[in-house]
Amino acid sequence: MRTDIFIEKNGNKVLSLRKLLGGGYDKAWFTNCKVRYRLFCGARSTKKSKDIIGYESLMKIISDPRRNILIARQNDSDNRQSTFENIWGCIIDLGLEKAFKISKNPLTIEYIKTGQQIIFRGLNNPTSLNGITFAHGYFTDAYFEEAFEIPTYDDFRKIDGSLRGKLPDGLF
């Protein structure tokens, strides 16, 4: 667990998002930006994967028991070696190893308290994206690690269509 990301508040250690993320993503962080699509571009080492796909997806799951998340890459194996390991590293950074159940087959991260999930799929198997549902909550978010890996506009629309449904008030 990282100790440099916490501050002392009323005698308790509290996570500081400013220390965790630094600057740069304040306006785009999900609590400050309620647009349907966000696109982050930049060179390596700009912390897009760590901050947005890693920490943000975990914060969404922890802060709202209705959210479930899809993380997509071109190939299933790309997810295993990058996004899955990245999010697992973020869980360790935050000291939350006991709060999540990790499954490597299929790739899923489950928040034990509520049963919410972060699932990982490859765009190389289009049928794995059909009918995505969750036992607890709603399918609310999809992250694409590399947008250029989405082979066609139809593939993008298929996933986007899965996200179009009625959501409860306050959930965007």
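Let's start with what helix 4 packs against: its buried residues meet helix 2, strand 3, helix 3 (76–81), strand 4, strand 5 and strand 6. Please keep in mind that this is a predicted model. The buried residues of helix 4 are Thr-83, Phe-84, Asn-86, Ile-87, Gly-89, Cys-90, Ile-91 and Asp-93. That is eight of the 11 residues, so helix 4 is largely enclosed by the rest of the structure. Just after helix 4 comes Gly-95, with a positive phi near 70°.

Now let me step back to the whole chain. There are five helices and seven strands, and along the sequence they follow the pattern β-β-α-α-β-α-α-β-β-β-β-α. Of the 172 residues in the chain, 40% are buried. The accessible surface comes to about 9800 Å², and carbon and sulfur atoms account for 52% of that. If you take contacts between residues at least 6 apart in sequence, 62% of them join residues at least 24 apart.

On to the sheet. Five strands make up an open sheet with mixed pairing, in the order 4-5-6-3-7. Strand 4 (100–104) and strand 7 (138–144) are at the edges with a single partner strand each, so one side of each has no neighbour in the sheet. On average, and ignoring direction, neighbouring strands here are turned by 15° against each other.

How do strand 3 and strand 7 run relative to each other, parallel or antiparallel? They are parallel, and six bridges join strand 3 (residues 67–73) to strand 7. One residue to look for is Leu-70, whose bridge partner in strand 7 is Ala-142. Helix 4 (residues 83–93) packs on this sheet, touching strand 3, strand 4, strand 5 (107–111) and strand 6 (116–122). The direction of helix 4 makes about 160° with that of strand 4.

Next, the nonpolar interior. In soluble globular proteins, nonpolar side chains tend to be buried together. Here the largest nonpolar core has 26 residues, and those with the most contacts inside it are Leu-58, Ile-71, Ile-87, Ile-109, Ile-118 and Phe-120. At least two residues of this core come from each of helix 1 (17–21), helix 2 (48–63), strand 3, helix 4, strand 5 and strand 6.

Which element gives this core its largest share? That is helix 2, with six residues. For a closer look, take Leu-58: leaving aside residues up to four places away in sequence, Leu-58 touches Ile-87, Cys-90, Ile-91, Leu-94, Phe-100 and Ile-118. Apart from the largest core there is another, of nine residues, including Leu-70, Ala-72, Leu-123 and Ile-132. You'll remember Leu-70 as the bridge partner of Ala-142.

Finally, two backbone details. Most residues other than glycine have a negative phi, and most peptide bonds are trans. With that in mind, have a look at Asn-10, where phi is positive, near 55°. Asn-10 sits in the loop between strand 1 (6–9) and strand 2 (12–15). Is Asn-10 buried or exposed? Its relative accessibility is 75%, so Asn-10 counts as exposed.

The other detail is the peptide bond from Asn-105 to Pro-106, which is cis, with omega near 0°. Pro-106 belongs to the loop between strand 4 and strand 5. If you'd like to find that loop on the screen, begin at strand 4, which is one of the edges of the sheet. Thanks, everyone!

Terms used: Residues numbered from 1 in each chain as written. Predicted model: local features only at pLDDT ≥ 70, side-chain atom pairs only at ≥ 80, totals over all residues. Heavy atoms only, no water. Pairing = 2+ DSSP bridges. Helix = DSSP H or I, 4+ residues; strand = E, 2+ residues; numbered from the N terminus. Axes fitted to C-alpha atoms, helices over the stretch in contact; angles between N-to-C directions. Contact = heavy atoms within 4.5 Å. Buried < 20%, exposed > 50% of the residue type's maximum accessible area, 1.4 Å probe, protein only. Areas by Shrake-Rupley, 256 points an atom, 1.4 Å probe, with all protein chains shown as cover. Core = buried A, V, L, I, M, F, W, Y, C linked by side-chain atoms within 4.5 Å.
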